[in-house]
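Open the model in your viewer and keep the selection box handy. We will go from stop to stop, picking residues and looking at what surrounds them.

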Amino acid sequence: MATAGKPITCRAAVVWEVGQQYSIEKVEVDVPKKGEVRVRMTSAGLCHSDVHMQHGSDKNWSFPTVLGHEGAGIIESLGEGVDRFEKGDIVVCTFEAYCRDCDYCMSPKTNVCRKQPRNNLQMDGTSRIAAKGKKCSQMGSLGLFSEYIVTSEFNVTKVNPKANPNTLCLAGCCIPTGYGAAMNAGKVTPGSSCAVWGLGGVGMCVIMGCRDSGASKIIGIDPNAKKFELAKQFGATDFLNPKEVKSVPETLAQMCKDGVDYCFVSVGILSAMEEAFNSSHPYWGKTVIVGLNDTGSTMKAGVWELLYGRQLVGTYYGSYTAVRDIPHLVDKVLNGQIQLDKLISHRLPLDKINEGFDLLRTGQSLRAIIDFDIKA
C-alpha cells in the first residue's frame, strides 16, 4: 500500500525520561511538510553522544525523545517544494543542516547553518514523531532510532547509489568526525607524529585521516590492548596503554622527541584532554578535541604553554560541511580508502538496541549499528 501523503505507523526506540533505557514503541510519523523529506531508515549507529543525551548531559533536553544522529536510509516521500531528491534515493542523514544561502553556510569560517534548530525539533518548532499521543524530540532534528523519520531536506544528502545503505550509517557521524579531525581541524602534515586517545570507531577514523595525510608515526592510546591489532590495520604504527606507564606525556616525549606534533582526543574524558595537551610538542604541538563531555564542562590548559606555541582547538563534524562533503567520503568508502566495514563490530535489529549500548559502554564493541532490515 502506498504510504506517500499519509502518516506512517512504525516502531521506534523511545527514551521516556532521563536515564531510562530505550523502549520499543509504536510511533506515528507525520507526513513531511514543505521543504521536508520522509526517510525509511536502513541503518543507524550507536554512538557515545546518544549515551550522553540519554543520561542528561544536556540539562535542557526534552523527553520523551527519539535519539540517534548517525544514519542512512532511502527517501520514501517528499514534502512540497523539494526537488533535489527523488523517491528511492539513498541518503545519509546529517545532524547539521546546509541551507546553502544563510550567512553561515556562505562562510568558509564555519560548517554550522543558521537554520539548524538547536532544540531537537524541526524548523517550525514542532516534532514529526509521536508515541502514545506524546510528541517526541528528535535528536539533531533527526531521531534516527525509528523505522521512519521526517526531517528538513537540508539535513540529508544523496550519495552514490552503489553504497550499501545497511552499513552506510557510519558516514553520518563516525567517519566525518574522525577522518575530518585529522584532515581539516588538525591539518596533519606529511612526516609528522600523531597520537590518538581512544580507539573506538571515531578514533580509528582519526587514524585513517592521519595515515592518508602522510603522518610517519601514529600512536594509538587505549587501556584496551585488544584494539591495537585492528588499529594497525587502519594505519597506526605504535601503541601505548596508559595503565602501563607512569606518565603518558613523558613517555610520548621520549617516543616523539620532546612531544607529539598532533594530538587527537576522541573520548569525552577531561583528564585525557588535558593529558593530550601536555603531551603535544611545547613549541608547535596541536591538540584537537573531538570527544563530548557535559555541557558547561571545562579543561585546564596552561597560559604559558599556549604562549610558547601549543595550540588547542575543537572540531565539530570533523570540520566538514556534512551535506556537501559526505558524498565524497562515501566515494572513498567505495574505492576502499576508508575501510567502513572493518569499523562495524556488531549489526543488531532495533529490538536489541539496549544490548548494543551495553556493548558500547563496556568496551566490547568498536561500533555497533542497528540494521533495520534485520529482524529479531
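## Stop one: a long-range pair

Select K33 and D124: they form a salt bridge, with the closest N and O atoms 3.1 Å apart. The pair links distant parts of the chain, since K33 sits in the loop between β2 (23–29) and β3 (36–45), while D124 sits in the loop between β6 and β7, 91 residues apart. Please keep in mind, here and at every later stop, that you are looking at a predicted model.

Now switch on the surface for these two residues. Are they buried, partly exposed or exposed? K33 is partly exposed, with a relative accessible area of 41%, and D124 is partly exposed with a relative accessible area of 41%.

## Stop two: inside the β6–β7 loop

Next, select R114 and D103. Their side chains meet in a salt bridge, 2.8 Å from N to O. Both partners belong to the loop between β6 and β7, 11 residues apart. At 48% relative accessibility, R114 counts as partly exposed, and D103 counts as partly exposed at 43%.

Stay in this loop and select N111, which is found between β6 (90–93) and β7 (129–131). Is N111 buried or exposed? The residue has 13% relative accessibility, so N111 counts as buried, under the cut-off of 20%.

Show the side chain of N111 and look for its polar partners. A polar atom of this side chain lies 2.8 Å from the backbone oxygen of Y316. The side chain of N111 also reaches the backbone oxygen of Y320, at 2.8 Å. To see the surroundings, add E96, Y316, Y317, S319, Y320 and T321 to your selection: N111 touches these residues, leaving aside those up to four places away in sequence.

## Stop three: strand to strand

Move on to K217 and D238. The side chains of K217 and D238 meet in a salt bridge of 3.6 Å, N to O. K217 lies in strand β13 (residues 217–221) and D238 in strand β14 (residues 238–240), so the pair ties together parts that are 21 residues apart in sequence. Check the surface here too: K217 counts as partly exposed at 24% relative accessibility, and D238 is partly exposed with a relative accessible area of 23%.

Before you leave the salt bridges, select K33, E36, D124 and R128 together. Salt bridges that share partners join these four residues into one network. How many salt bridges are there in the whole structure? A search finds 22.

## Last stop: zoom out

Clear the selection and show the whole protein as a cartoon. You can trace 10 helices and 19 strands. Along the principal axes, the C-alpha atoms fill a box of roughly 65 × 40 × 40 Å. A compact globule with 376 residues would have a radius of gyration near 21 Å, and the protein has 20 Å, which agrees.

Colour by burial next: buried residues make up 58% of the 376 residues. The protein exposes about 15800 Å², and carbon and sulfur atoms supply 51% of that area. Finally, turn on contacts between residues at least 6 apart in sequence; of these, 71% join residues at least 24 apart. The K33–D124 pair from stop one, 91 residues apart, is a good place to return to with that in view.

Methods: Residues numbered from 1 in each chain as written. Predicted model: local features only at pLDDT ≥ 70, side-chain atom pairs only at ≥ 80, totals over all residues. Heavy atoms only, no water. Helix = DSSP H or I, 4+ residues; strand = E, 2+ residues; numbered from the N terminus. Buried < 20%, exposed > 50% of the residue type's maximum accessible area, 1.4 Å probe, protein only. Polar contact = N/O pair within 3.5 Å; in protein donor to acceptor, adjacent residues only side chain to side chain. Contact = heavy atoms within 4.5 Å. Rg over C-alpha atoms; globule rule 2.2 N^0.38 Å. Areas by Shrake-Rupley, 256 points an atom, 1.4 Å probe, with all protein chains shown as cover.
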